[in-house]
Amino acid sequence: MKSKTPSSKTRIAGKPLRQSLTPGRRLSEDDAGASRSLRTKTEKLRTARKKTPSQQRWLNRQLNDPYVAAARQQGWRSRAAFKLIEIDDRFHLIQPGSRIIDLGAAPGGWTQVAIKRGAGKVVGVDLLPVDPVPEAEIIVGDFMDPAMPDILHSMLGGRADIVMSDMAPNTTGHAATDHLRIMALAENALDFALKILADKGIFIAKVFQGGSEKTMLDVMKQNFATIKHVKPPSSRKESSELYVIAIGFKKEI
Ligand SMILES: C[S@@+](CC[C@H](N)C(=O)[O-])C[C@H]1O[C@@H](n2cnc3c(N)ncnc32)[C@H](O)[C@@H]1O
């Protein structure tokens, strides 16, 4: 099977980032293909023969995904980088000098995009270690650790203009359980954002299916001027993920 390079049929946003990939980094399942160690395609296919059917489906998908190839070519650590690029191209959220917190930052694609787009300071946290991203600071930890808002606030040197979360739990394969777990992460990310956003700040988070749950939506409506849901073109069609974007945090209420 041949790996596709991005064709004229797939319009992929983003410009090359002059930064080398680091082979062998630990990656989340969705994003691993972008910067997986640089084995030859022949070797990958040979290895694929020994994999379980679901592993083989995942590998075939990676080999045929133009975003994975584009991420590698452009120097992004994850294909997920394109989701933030596409969201930001549409809503112009990252401003020169923006102070940004990246929740669930590994392997660092969104952080790279934020830096590349002129953020003044980017700090992040992930359960997994992340290879250093120039000009950003990412620590290992659970964002739900009660000490984390203070830690990230002091790393940032103040309140955040943007709190962004592309966090996903490890999937169980049981759709209802996975849905509950991702929504719990998103709700906790919102709580975190309410503690740390500056006035007029922005919250971006991955949610699932019909968008935000009613309780989460109600909290966002009370605290932000505008709420939008978006499915970026690079988000896989078969995935029920969406992103919620809450703009104009009303810090004083
Ligand atoms: C899809 S990946 C993020 C990809 C990233 N946006 C990028 O472009 O490279 C989701 C990440 O969320 C992290 N995560 C999940 N739960 C977390 C938690 N409670 N605290 C910190 N990170 C968490 C996972 O470890 C995983 O690395």
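**Group meeting: a seven-stranded sheet and its surroundings**

Let me begin at one end of the sheet, where strand S6 and strand S7, the latter covering residues 241-249, run antiparallel and are joined by 6 bridges. Within this pairing, Phe 224 stands opposite Phe 249 in S7. Helix H5, residues 81-91, packs on the sheet here, touching S5, S6 and S7, and its direction makes about 40° with that of S7. Helix H9, residues 214-223, also packs on the sheet, touching S6 and S7, with its direction at about 135° to that of S6.

I should say at once that this is a predicted model, and that the protein chain in it has 9 helices and 7 strands. Of its 253 residues, 38% count as buried, and among the contacts between residues at least 6 apart in sequence, 66% join residues at least 24 apart.

Now to the sheet as a whole. It is an open sheet of 7 strands with mixed pairing, and reading across it gives the order S3-S2-S1-S4-S5-S7-S6. The edges are taken by S3 and by strand S6 (224-230), and because each has a single partner strand, one side of each is left without a neighbour in the sheet. Neighbouring strands are turned against each other by 15° on average, with direction ignored.

Towards the S3 edge, which strand deserves a closer look, and how many of its residues are buried? It is S2, in which 6 of the 6 residues are buried, so this strand is largely enclosed by the rest of the structure. Lys 121, Val 123 and Val 125 point one way from S2, while Val 122, Gly 124 and Asp 126 point the other way, and all of them are buried. On one side S2 runs parallel to S1, with 5 bridges between them, and Asp 102 has Gly 124 in S2 as its bridge partner. S2 is also joined to S3 by 5 bridges, again in a parallel arrangement, and there Val 125 has Ile 139 in S3 as its bridge partner. Together, S1, H6 and S2 make a right-handed β-α-β unit.

That unit brings us to the ligand, since H6 and S2 each supply at least two residues of the shell around it. There are 26 residues around the ligand, and those that come nearest are Ser 78, Ala 80, Gly 104, Gly 109 and Asp 166. By class, this shell has 15 nonpolar, 5 polar and 6 charged residues.

Finally, some backbone details that I would check by eye. Most residues other than glycine have a negative phi, and most peptide bonds are trans. Against that background, the peptide bond from Ala 106 to Pro 107 is cis, with omega near 0°, and Pro 107 sits in the loop between strand S1 (99-103) and helix H6 (109-116). Glu 135 has a positive phi, near 75°, and lies in the loop between strand S2 (121-126) and strand S3 (136-140); with 14 other C-beta atoms within 10 Å, Glu 135 is partly exposed. Lys 200 likewise has a positive phi, in this case near 70°, although its place is in a strand, S5, residues 197-208. Is Lys 200 buried, exposed or partly exposed? With 13 C-beta neighbours inside 10 Å, Lys 200 counts as partly exposed.

Terms used: Residues are numbered from 1 along each chain as its sequence is written. This is a predicted model: local features need pLDDT of at least 70, side-chain atom pairs count only at pLDDT 80 or more; totals for chains, interfaces and linings use all residues. Helices (H or I, at least four residues) and strands (E, at least two) are DSSP runs, numbered from the N terminus. A residue is buried if 20 or more other C-beta atoms lie within 10 Å of its own, exposed if 12 or fewer, and partly exposed in between; C-beta atoms are placed from the backbone. Two residues are in contact if their C-beta atoms, placed from the backbone, lie within 7 Å. A residue is near a molecule or strand if its C-beta atom, placed from the backbone, lies within 6 Å of it. Ala, Val, Leu, Ile, Met, Phe, Trp, Tyr, Cys and Pro count as nonpolar, Asp, Glu, Lys and Arg as charged, and the others, Gly among them, as polar. Two strands pair if DSSP finds at least two bridges between them. Axes are lines fitted to C-alpha atoms, for helices over the stretch in contact, and angles run from 0 to 180 degrees between N-to-C directions. A crossover is right-handed if, with the strands pointing away from the viewer, the path from the first strand over the helix to the second runs clockwise.
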